[in-house]
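Biologist: Before I plan any bench work, could you walk me through this protein, and the ligand bound to it, one question at a time?

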Amino acid sequence: MSNSAVRPYAGRRVLLGISGGIASYKSAWLARLLTKAGADVDVVMTRSALEFVGAVTFEALTGREVHTGLFDAGRALDHVKLARAADAIVIAPATADLMARAATGQANDLLTACLLAAEAPVLMVPAMNDRMWSHAQTQHNVTHLRSLGYTVLQPDAGMLAAGEGAGPGRMPEPETIFAYVGRLLETDRRLAGRRVLVTAGPTRESIDPVRFLSNRSTGKMGVALAASAWRRGADVTLVAGPLAVAVPVGVDQEHVETTQEMRDAVERHIAAADVLVMCAAPSDYRAAEPAERKMKKTGASRNVQLVETPDILLSTKSARRAGSVIVGFALETDDELANARRKLETKDVDMVVLNSAREPDAGFGAETNRVTILRRGSASPDELPLLSKRAVADLILDRVAELLDGR
Ligand code: C5P
């Protein structure tokens, strides 16, 4: 797999600020995730953070020096250098005190001084007791920080330290924070503010109350597309059948079971969508009359009559938004290119992404994919090499952004 897939943030520098809350034990995992993704992570800890976790932990995880003091010998200009070098700043946990100081422009320690000297985008991840979070003063500070352009995450609800409280106050999980940092680091903003509708996964059609007709789709490719579109700043809705993978951070999911339900969900969202990527593998057939009770063995063979389900792309066509970009997928076992090219016309789409059903390491369930992209009006198909599904998603969205720009 290419280096950019394994270490997507290689060469990017992230300032990870840690203030003094018990949630800082989770920041060690965040530092690890960012470092593993290739980022150079400069950790800046407040004095109270050092009461909870040791600087050595972060030094070992990031392989870099950890910064703590504004007035350490020879370090007088650290705040300016660190702030300038950062491509993104994330403060996790951000305590009520840290946010109050940041909201009033104080610079009385290295972390707040860095914030004032920085031009990079800032993400604050609050973590505190639920009553401290809901206090009017804290909420006032949060509103002000947001008005400065900082992204302030909503804390999670659930058990707080020592079983105290249950309202919002918990720091979101490191994987969630990591995804938001990815959004801050993204340089391609062509999809920012666009509405992207993605379908993913298989659908299920009941034969009887316990059995269903479905296919081998896991939803990985659609989920990768939804994640990439969100990272690039889009508002993303994912209409998905049963998925074998987690729904990405930031994406609104609508869960469906049958092809008819998927069609209805697409119809509800399509008028607002600038982009539809129809990556799902909806079942083309359903049982004409699903049995109401479990079918028992009788010793004889049995027929189940199948009827066709609606074609989602075609039956929602009239509701498409003017100027929207529509992407279909194709998975063929024979005459792949000719069948895929025909689909551009019959399904009235701008692009068809052809997956091969036969290739090892591509298609259903794989982490990688090899696709060929056919574009309307373009004679030569675009054959991509074997890539991670994330890289394939990025390349599909590059072409979507080009089409959107031209409309
Ligand atoms: O018709 P076929 O399944 O080969 O075409 C594939 C494309 O059509 C995919 O984008 C798929 O999501 C979409 N599709 C659809 N409605 C169906 C079946 C497939 O929109 N009932």
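The exchange below goes through the chain, its sheets, its aromatic pairs and the ligand.

Biologist: What kind of model is this, and how many helices and strands are there in the chain?

Modeller: This is a predicted model, and local features are described only where pLDDT is at least 70. The C-alpha atoms fill a box of roughly 80 × 50 × 40 Å along the principal axes, and 49% of the 407 residues count as buried. As for the secondary structure, the chain has 15 helices and 19 strands.

Biologist: Which strands stand at the edges of the open sheet of 5 strands?

Modeller: The order of this open sheet is S2-S1-S3-S4-S5, with parallel pairing. Each edge strand has a single partner strand, so one side of it is left without a neighbour in the sheet, and this holds for strand S2 (40-45) and strand S5 (151-152).

Biologist: Which residue in S5 stands opposite Leu123?

Modeller: Strand S4 (residues 122-126) and S5 run parallel and are joined by 2 bridges. Within S5, the residue that stands opposite Leu123 is Thr151.

Biologist: Is strand S6 largely enclosed by the rest of the structure or left open, and how many of its residues are buried?

Modeller: A residue counts as buried when its relative accessible area is under 20%. Strand S6 covers residues 195-200, and it is largely enclosed by the rest of the structure because the buried residues number 5 of the 6.

Biologist: Which residues are the bridge partners of Val198 in S9 and in S11?

Modeller: S6 runs parallel to strand S9 (residues 235-240), with 6 bridges between them, and S6 also pairs in the parallel sense with strand S11 (residues 275-278) over 4 bridges. The partner of Val198 in S9 is Leu238, and in S11 the partner of Val198 is Val277.

Biologist: How many aromatic pairs are there, and how are the rings of Tyr9 and Phe178 placed?

Modeller: The count comes to 2 aromatic pairs. The ring centres of Tyr9 and Phe178 are 6.1 Å apart and their planes stand at 65 degrees, and since planes over 60 degrees apart count as edge-to-face, this pair is edge-to-face.

Biologist: How many residues apart in sequence are the parts that this pair of Tyr9 and Phe178 ties together?

Modeller: Tyr9 is buried at a relative accessible area of 7%, whereas Phe178, at 22%, counts as partly exposed. Tyr9 lies in the loop between helix H1 (3-6) and strand S1 (13-18), while Phe178 lies in helix H10 (residues 174-185), so the pair ties together parts whose separation in sequence is 169 residues.

Biologist: Which helices hold Tyr180 and Trp230?

Modeller: Tyr180 and Trp230 form an edge-to-face pair, 4.9 Å centre to centre with 85 degrees between the planes. Trp230 counts as buried at 6% relative accessibility, and Tyr180 as partly exposed at 23%. The pair ties together parts that are 50 residues apart in sequence, because Tyr180 lies in helix H10 and Trp230 in helix H11 (residues 220-231).

Biologist: How many residues surround the ligand, and how do the residues of the shell divide into nonpolar, polar and charged?

Modeller: The ligand is surrounded by 14 residues, and the closest are Met278, Ala280, Phe329, Lys343 and Lys347. The shell divides into 7 nonpolar, 3 polar and 4 charged residues.

Biologist: What percentage of the ligand's accessible area does the protein cover?

Modeller: Backbone N or O atoms come within polar-contact distance of the ligand: one of Ala280 lies 2.8 Å from a ligand oxygen atom, and one of Pro310 lies 2.9 Å from a ligand nitrogen atom. A polar backbone atom of Phe329 is likewise 2.8 Å from an oxygen atom of the ligand. Of the 450 Å² of accessible area that the ligand has on its own, the protein covers 85%.

Biologist: With which residue does the side chain of Asp394 make a polar contact?

Modeller: Asp394 is found in helix H15 (residues 389-405) and is buried, with a relative accessible area of 15%. At a distance of 2.9 Å, its side chain is joined by a polar contact to the side chain of Arg231.

Biologist: Is His67 buried or exposed?

Modeller: His67 has its place in the loop between helix H4 (55-62) and helix H5 (78-85). Its relative accessibility is 10%, and because the limit is under 20%, His67 counts as buried.

Terms used: Residues numbered from 1 in each chain as written. Heavy atoms only, no water. Buried < 20%, exposed > 50% of the residue type's maximum accessible area, 1.4 Å probe, protein only. Pairing = 2+ DSSP bridges. Phe/Tyr/Trp six-rings, centres within 6.5 Å; stacked < 30°, edge-to-face > 60°. Near = heavy atom within 4 Å. Polar contact = N/O pair within 3.5 Å; in protein donor to acceptor, adjacent residues only side chain to side chain. Areas by Shrake-Rupley, 256 points an atom, 1.4 Å probe, with all protein chains shown as cover. Nonpolar A, V, L, I, M, F, W, Y, C, P; charged D, E, K, R; others polar.
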